[in-house]
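This briefing introduces one protein chain to a reader who is new to structural description. Please keep the sequence and the three-dimensional view at hand while reading the points below.

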Amino acid sequence: MSNLVVIAYEDQFKAEEVRTMLRKMQQEYLIDLEDAVVAVKDDQGKVKLHQMYKLAAAGALSGGFWGALIGLIFMSPLLGMAVGASAGAVSGALTDVGINDDFMKNLAASFKNGTSVLFVLVRKATPDKVLAELQGTGGKVIKTSLTHEEEEKLQAVLSTAKAPTAG
């Protein structure tokens, strides 16, 4: 079961910066992200979602492969690849994996202009190491599926400035 964490930031860029940190931690096997989406509400009040995974591109690649394979069988690999790629792109674009897009857009729309919101679905994590990395990044925890104690600990870590390193 994945945990949902939603954190709001006072500027348009901080959520993306923190998501980059989370992706780096994922490469180091400290956290396993199912999804991480940044919603930005620009100065005109328009909300834009920045997905972690580009499903249309992945669908096109997969569809292109299968289309070419089927095309080879029926002696028309280029046509098969073109049809497969377009079908894969359409199915990828229509697939909503992870956090519901409408939920994210509606929640982000309720914030003031010039802000960003980070939506994260976490499968599992090494909490002490992840919290140490996130210390002092700011933001306000808006919604979680964590326990009250875990949520309070996360908010405290986000709000606490990082201790200077000796050296």
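The chain contains six helices and five strands. Following the sequence from its beginning, these elements appear in the order β-α-β-β-α-α-α-β-α-β-α. The model is a predicted one, and its confidence therefore deserves attention before its details.

**Confidence of the prediction**

- The average pLDDT of the chain is 80, and 69% of the residues score at least 70.
- Among the elements, helix H1 (residues 14–27) has the highest mean pLDDT, at 95, while helix H3 (residues 77–94) has the lowest, at 51.
- Over residues 55–60 the pLDDT stays under 50, and the model has 13 contacts beyond four places in sequence for this stretch.
- The pLDDT also stays under 50 over residues 89–96, for which there are nine contacts beyond four places in sequence.
- Where pLDDT is low, the predicted coordinates should not be read in detail.

**The chain as a whole**

- The chain has 167 residues, of which 35% count as buried.
- Of the contacts in the chain with a separation of 6 or more, 71% are between residues 24 or more positions apart.

**Helix H4 and its two sides**

- Helix H4 spans residues 101–109, and its residues Met104, Leu107 and Ala108 are buried.
- These buried residues lie on the same side of H4, because they cover an arc of only 95° around the axis.
- Asp102 and Asn106, on the other side of H4, are exposed.
- The cover over the buried residues of H4 includes strands S1 (3–9), S2 (31–41), S3 (47–50), S4 (115–125) and S5 (140–144).
- At the N-terminal end of H4, Asn100 acts as a cap: one of its side-chain oxygens lies 2.8 Å from the backbone nitrogen of Asp102.

**Helices H1 and H5**

- The axes of H1 and helix H5 (residues 127–134) come within 11 Å and cross at roughly 145°.
- The crossing of H1 and H5 is right-handed.
- On the H1 side, the contact is made by Val18, Met21, Leu22 and Met25, and on the H5 side by Val130, Glu133 and Leu134.

**Arg19, a buried residue of H1**

- Arg19 lies in helix H1 and has a relative accessible area of 4%, so it counts as buried.
- Which residues does Arg19 touch, not counting those up to four places away in sequence? They are Ala36, Val37, Val38, His50, Gln51, Met52 and Leu118.
- With Ala36 there is a polar approach: the side chain of Arg19 reaches the backbone oxygen of Ala36 at 2.8 Å.

**Thr144, a buried residue of S5**

- Thr144 is found in strand S5.
- Is Thr144 buried or exposed? Its relative accessibility is 18%, and the limit for buried is under 20%, so Thr144 counts as buried.
- Not counting residues up to four places away in sequence, Thr144 touches Leu4, Val5 and Glu151.
- With Glu151, Thr144 makes a polar contact between side chains, at 3.0 Å.
- A polar atom of the Thr144 side chain also lies 3.2 Å from the backbone nitrogen of Leu146.
- Thr144 and Ile7 are 137 residues apart along the chain, and their C-alpha atoms are separated by 8.9 Å.

Definitions and conventions: Residues are numbered from 1 along each chain as its sequence is written. Side-chain values use heavy atoms; hydrogens and water are left out. Buried means under 20% relative accessible area, exposed over 50%, partly exposed in between (1.4 Å probe, protein chains only). Helices (H or I, at least four residues) and strands (E, at least two) are DSSP runs, numbered from the N terminus. The arc is that of the directions from the helix axis to the C-beta atoms. Contact means heavy atoms within 4.5 Å. A polar contact is a pair of N or O atoms within 3.5 Å; within protein, one must be able to donate a hydrogen and the other to accept it, and residues adjacent in sequence count only if both atoms are side-chain atoms. pLDDT is the predictor's confidence in each residue, from 0 to 100. Axes are lines fitted to C-alpha atoms, for helices over the stretch in contact, and angles run from 0 to 180 degrees between N-to-C directions. A crossing is left-handed if the near helix is turned anticlockwise from the far one by less than a right angle, and right-handed if clockwise.
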